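Let's take a friendly walk through this fold together, from its side-chain pairs to its cores. Have your viewer open as you read.

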Amino acid sequence: DDTRDAAEIRAFSHTHNPRVWTEIGTGAVEEWVGLRDGSGALIAVGGAERHPRGVPALAGIVTATSLRGQGLGAVITAALTRRALSAYGVCTLGVFSDNATALRLYARLGYRTGRAWSSRQLASSV
């Protein structure tokens with residue numbers, strides 16, 4: 001829940017991916033999917049936001065650093081994708097271009113690049 005579980009999701013996300021971009025706890029994420037270990041600790045999480053055009057956009061997909069490479073990110077992504085496709089017939093996501101692991105995962109699950117962009121810091125003229 002984006003309200004009830006916001007503190008836990010935010011702490012987990014920022015611990016295991018300091019670059020997480022998702023606006024956790026603001027209501028932007030309409031649905032969260034998470035995995036917990038036997039003790040109840042969060043080990044992977046991801047959400048679906050509403051893109052301005054009305055379709056779901058996956059966001060904040062994070063796996064515990066010590067458990068990466070075991071398919072947990074794929075489980076989260078596939079679950080969110082299935083839900084979006086079932087309800088809307090489409091699903092989108094964004095990813096930093098230097099995140100090769102995520103890019104391979106998303107390609108394996110059938111995602112294709114629709115748009116790519118770059119950002120750069122402008123040199124100061126002062």
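A residue counts as buried when its relative accessible area is under 20%, as exposed when that area is over 50%, and as partly exposed in between. Keep in mind that this is a predicted model. With those cut-offs, F96 is partly exposed because its relative accessibility is 37%. W21, at 73%, counts as exposed.

These two residues make a good starting point. The structure has two aromatic pairs. In one of them, the ring centres of W21 and F96 lie 6.4 Å apart with the planes at 75°, so the arrangement is edge-to-face. W21 belongs to the loop between α1 and β1, and F96 to the loop between β4 and α3, so the pair ties together parts that are 75 residues apart in sequence.

F96 has another partner: the charged end of R19 sits over its ring, 4.2 Å from the centre. R19 also forms a salt bridge with D98, with a distance of 2.8 Å from N to O. This contact again links distant parts of the chain, with R19 in the loop between α1 (6-16) and β1 (29-36) and D98 in the loop between β4 (92-93) and α3, 79 residues apart. R19 is partly exposed at 41% relative accessibility, while D98 is exposed at 53%.

How many salt bridges are there by this rule? The count comes to five. Among them is E30 with R50, at 2.7 Å from N to O. Here strand β1 is linked to strand β2, as E30 lies in the former and R50 in the latter, 20 residues apart. R50 is partly exposed, at 36%. Another joins D5 to R4, whose closest N and O atoms are 3.3 Å apart; R4 is exposed at 65%.

Now turn to the interior. In soluble globular proteins, nonpolar side chains tend to be buried together. The largest nonpolar core has 16 residues, and the members touching the most others are V33, L58, I76, L80, C91, Y106 and Y111. At least two residues come from each of β2 (42-50), α2 (72-88) and α3 (100-108). The biggest contribution is from α2, with six residues.

L58 shows how this core is knit: beyond its neighbours within four places in sequence, its contacts include T77, L80, C91, L93 and Y111. A second, separate core holds eleven residues, including A6, I9, V29 and V45.

Finally, Y106 and Y111 are both buried. Their rings also pair, with centres 6.1 Å apart and planes at 70°, so this pair too is edge-to-face.

Definitions and conventions:
Residues are numbered from 1 along each chain as its sequence is written. This is a predicted model: local features need pLDDT of at least 70, side-chain atom pairs count only at pLDDT 80 or more; totals for chains, interfaces and linings use all residues. Side-chain values use heavy atoms; hydrogens and water are left out. A nonpolar core is a set of buried Ala, Val, Leu, Ile, Met, Phe, Trp, Tyr and Cys residues joined through side-chain atoms within 4.5 Å. Buried means under 20% relative accessible area, exposed over 50%, partly exposed in between (1.4 Å probe, protein chains only). Helices (H or I, at least four residues) and strands (E, at least two) are DSSP runs, numbered from the N terminus. Contact means heavy atoms within 4.5 Å. A salt bridge is a side-chain nitrogen of Lys or Arg within 4 Å of a carboxyl oxygen of Asp or Glu. Rings of Phe, Tyr and Trp (its six-membered ring) pair if their centres lie within 6.5 Å; planes under 30 degrees apart count as stacked, over 60 as edge-to-face and the rest as tilted. A charge sits over a ring if NZ of Lys or CZ of Arg is within 6 Å of the ring centre and within 35 degrees of the ring normal.
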